[in-house]
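Welcome to this set of short exercises. Have the sequence and the 3D view open, try each task yourself, and then compare your steps with the worked solution.

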Amino acid sequence: MTQSRSQNSPMRTLARKLRGLFTPGGKKSAGEARRLNKKACDDRGLLVFEHTGEVIRAERLLREAGLDVEVKGPPPQLRTGCDMVVAFELVNQLRVQEVLARGGLAPKDVVSANDVLLEPVSLFQVKRLEGRWLMVRAANMKITLDETDGRIVNISGGGCPDVPWVAHQLCGLKLEQAPEPLSLGQTLCCYSLQKAFEELRRQRACGA
């Protein structure tokens, strides 16, 4: 009997330690969660540019180089007149800067999003109106879908000369049949509309 208790004692000690490590809401678990959240934020960098056109070029160059990037809205501290930043994996910073340099493009600033105050915001605003219409806004462009039949019913915003023509080409078409805005125009407004169009398709596919 004594021998059995002696053998089981180390096992009980180990079990207590394991429970302490994995207890939900425990101090160690909460601290670990904070460290993981901070690490996730630390893993991203932001490219800041003066003009939206530079964001468009940077996104294209980096994607063509096989890098995973995302266009986001800038946090207040980084607003320069351009309402977009390019988010990238910070581990790829040297590669990102090399690609941009080869393309003759230099960001105004490159920062780490390691502070929650520097967290980029979503480029999109999504609204449902009267349970029927789904509207997505990206920067200064809005596109609205009638969810009852999947048709694009309105495009608005921006000040580029091709917006009325692009809107005329898209409105009335079903989303899955509509051409992409950037196949119809190449202005900054069309770029923003393309982003809104892509998010509208994602929302529609996910049933969000």
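## Exercise 1: a lysine in a strand

Lys72 is buried, with a relative accessible area of 14%. Before you go on, note that this is a predicted model, in which local features need pLDDT of at least 70 and side-chain atom pairs count only at pLDDT 80 or more, while totals for chains, interfaces and linings use all residues. Residues are numbered from 1 along each chain as its sequence is written, and side-chain values use heavy atoms, with hydrogens and water left out.

**Task.** Find the element that holds Lys72, and list the residues it is in contact with beyond four places in sequence.

**Solution.**
- Step 1: Recall the scale: buried means under 20% relative accessible area, exposed over 50%, and partly exposed in between (1.4 Å probe, protein chains only).
- Step 2: Locate Lys72 in strand S2. Helices (H or I, at least four residues) and strands (E, at least two) are DSSP runs, numbered from the N terminus.
- Step 3: Look for contacts, meaning heavy atoms within 4.5 Å. Leaving aside neighbours within four places in sequence, Lys72 is in contact with Arg44, Asp83, Met84, Val85, Ala87, Pro120, Val121, Ser122 and Leu123.

## Exercise 2: the sheet and its helices

**Task.** In what order do the four strands of the open sheet lie, and which helices pack on the sheet?

**Solution.**
- Step 1: Read the order as S2-S3-S1-S4, with antiparallel pairing. Two strands pair if DSSP finds at least two bridges between them.
- Step 2: Pick out the edge strands, S2 (69-72) and S4 (109-112), each of which pairs on one side only.
- Step 3: Check one pair: S1 (residues 44-48) and S3 (residues 85-89) are antiparallel over four bridges, and Gly45 stands opposite Phe88 in S3.
- Step 4: Add helix H3 (residues 52-64), which packs on the sheet and touches S1, S2 and S3; its direction makes about 165° with that of S2. Axes are lines fitted to C-alpha atoms, for helices over the stretch in contact, and angles run from 0 to 180 degrees between N-to-C directions.
- Step 5: Add helix H4 (residues 93-102), which packs on the sheet and touches S1, S3 and S4, at about 135° to the direction of S3.

## Exercise 3: two sides of a helix

**Task.** Which residues of H4 are buried, and why are they on the same side of the helix?

**Solution.**
- Step 1: The buried residues of H4 are Val96, Val99 and Leu100.
- Step 2: They lie on the same side of H4 because they cover an arc of only 95° around the axis. The arc is that of the directions from the helix axis to the C-beta atoms.
- Step 3: On the other side of H4, Leu94, Ala101 and Arg102 are exposed.
- Step 4: The cover over the buried residues of H4 includes S1, H3 and S3.

## Exercise 4: confidence

**Task.** Which element has the lowest mean pLDDT, and which the highest?

**Solution.**
- Step 1: pLDDT is the predictor's confidence in each residue, from 0 to 100. The protein averages 81, and 75% of the residues score at least 70.
- Step 2: Helix H2 (residues 27-42) has the lowest mean, 46, and strand S7 (residues 141-146) the highest, 96.
- Step 3: Over residues 20-41 the pLDDT is below 50, and this stretch has eight contacts in the model beyond near neighbours in sequence.
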